[in-house]
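These are my notes on the model you sent, set out as numbered points. Please read them with the sequence and the coordinates open beside you.

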Amino acid sequence: THSLVVYRSNFDVAAVSEPFSFEGQKVEFCCGLAVSGRSIFLSYGIWDREAVVLKAPLASVIRALNLQHVLGADG
């Protein structure tokens, strides 16, 4: 499983998301994360055979991972 971690400016951990899986596979690895505008992009691999780039609305990812209280995001 994976978790997103939010750090404060001094690198203290502010929040850790609940564990999640991209596709429910036994072997997955996240290799990149980027935020552009109101979107988040996550690149990940599956079983060393597939490479995927996931694009999602940033606000929905923040809500799904219950991080809005840390980031001050309201939607």
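1. Since this is a predicted model, I begin with how its contacts are distributed along the sequence. Among the contacts between residues at least 6 apart in sequence, 16% join residues that are at least 24 apart.

2. As to secondary structure, the chain contains 2 helices and 5 strands, and their order along the sequence reads β-β-β-β-β-α-α. The C-alpha trace spans about 35 × 25 × 20 Å along its principal axes.

3. On burial and surface, 28% of the 75 residues in the chain are buried. The accessible surface of the chain amounts to about 5,300 Å², and carbon and sulfur atoms account for 52% of that area.

4. On charge, the chain carries 6 positive and 7 negative charges, and the mean positions of these two sets lie 5 Å apart.

5. A nonpolar patch on the surface deserves a look in the viewer: Val 5, Tyr 7, Phe 11, Val 13 and Val 16 form this patch, and together they have about 530 Å² of accessible area. Two elements, strand S1 (5-7) and strand S2 (13-16), each give two or more residues to the patch. Val 5, a member of the patch, lies in strand S1; because its relative accessible area is 35%, a value between the 20% and 50% cut-offs, Val 5 is classed as partly exposed.

6. Turning to the first of the two helices by number, is Val 61 buried or exposed? Val 61 belongs to helix H1, which covers residues 58-64, and it is buried because its relative accessible area of 16% falls under the 20% cut-off. Leaving aside residues up to four places away in sequence, Val 61 touches Leu 4, Ile 40 and Ala 56. In addition, the C-alpha atoms of Val 61 and Ser 39 are 9.2 Å apart in space, while the two residues are 22 residues apart in sequence.

7. Helix H2, made up of residues 68-71, contains His 69. This histidine counts as exposed because its relative accessibility of 60% is over the 50% cut-off. His 69 and Ala 15 are separated by 54 residues in sequence, and their C-alpha atoms lie 9.3 Å apart in space.

8. For a final check of the accessibility classes, I would set the three residues discussed above side by side: Val 61 is buried at 16%, Val 5 is partly exposed at 35%, and His 69 is exposed at 60%.

How values were computed:
Residues are numbered from 1 along each chain as its sequence is written. This is a predicted model: local features need pLDDT of at least 70, side-chain atom pairs count only at pLDDT 80 or more; totals for chains, interfaces and linings use all residues. Side-chain values use heavy atoms; hydrogens and water are left out. Helices (H or I, at least four residues) and strands (E, at least two) are DSSP runs, numbered from the N terminus. Buried means under 20% relative accessible area, exposed over 50%, partly exposed in between (1.4 Å probe, protein chains only). Contact means heavy atoms within 4.5 Å. Accessible areas come from the Shrake-Rupley method with a 1.4 Å probe; for residues, only the protein chains shown count as cover. Lys and Arg count as positive and Asp and Glu as negative; His and the chain ends are not counted. The place of a charge is taken as NZ of Lys, CZ of Arg, CG of Asp or CD of Glu. Patches are made of residues with over 30% relative accessible area and no salt bridge: like charges are joined within 9 Å, nonpolar side chains (Val, Leu, Ile, Met, Phe, Trp, Tyr) within 5 Å. A salt bridge is a side-chain nitrogen of Lys or Arg within 4 Å of a carboxyl oxygen of Asp or Glu.
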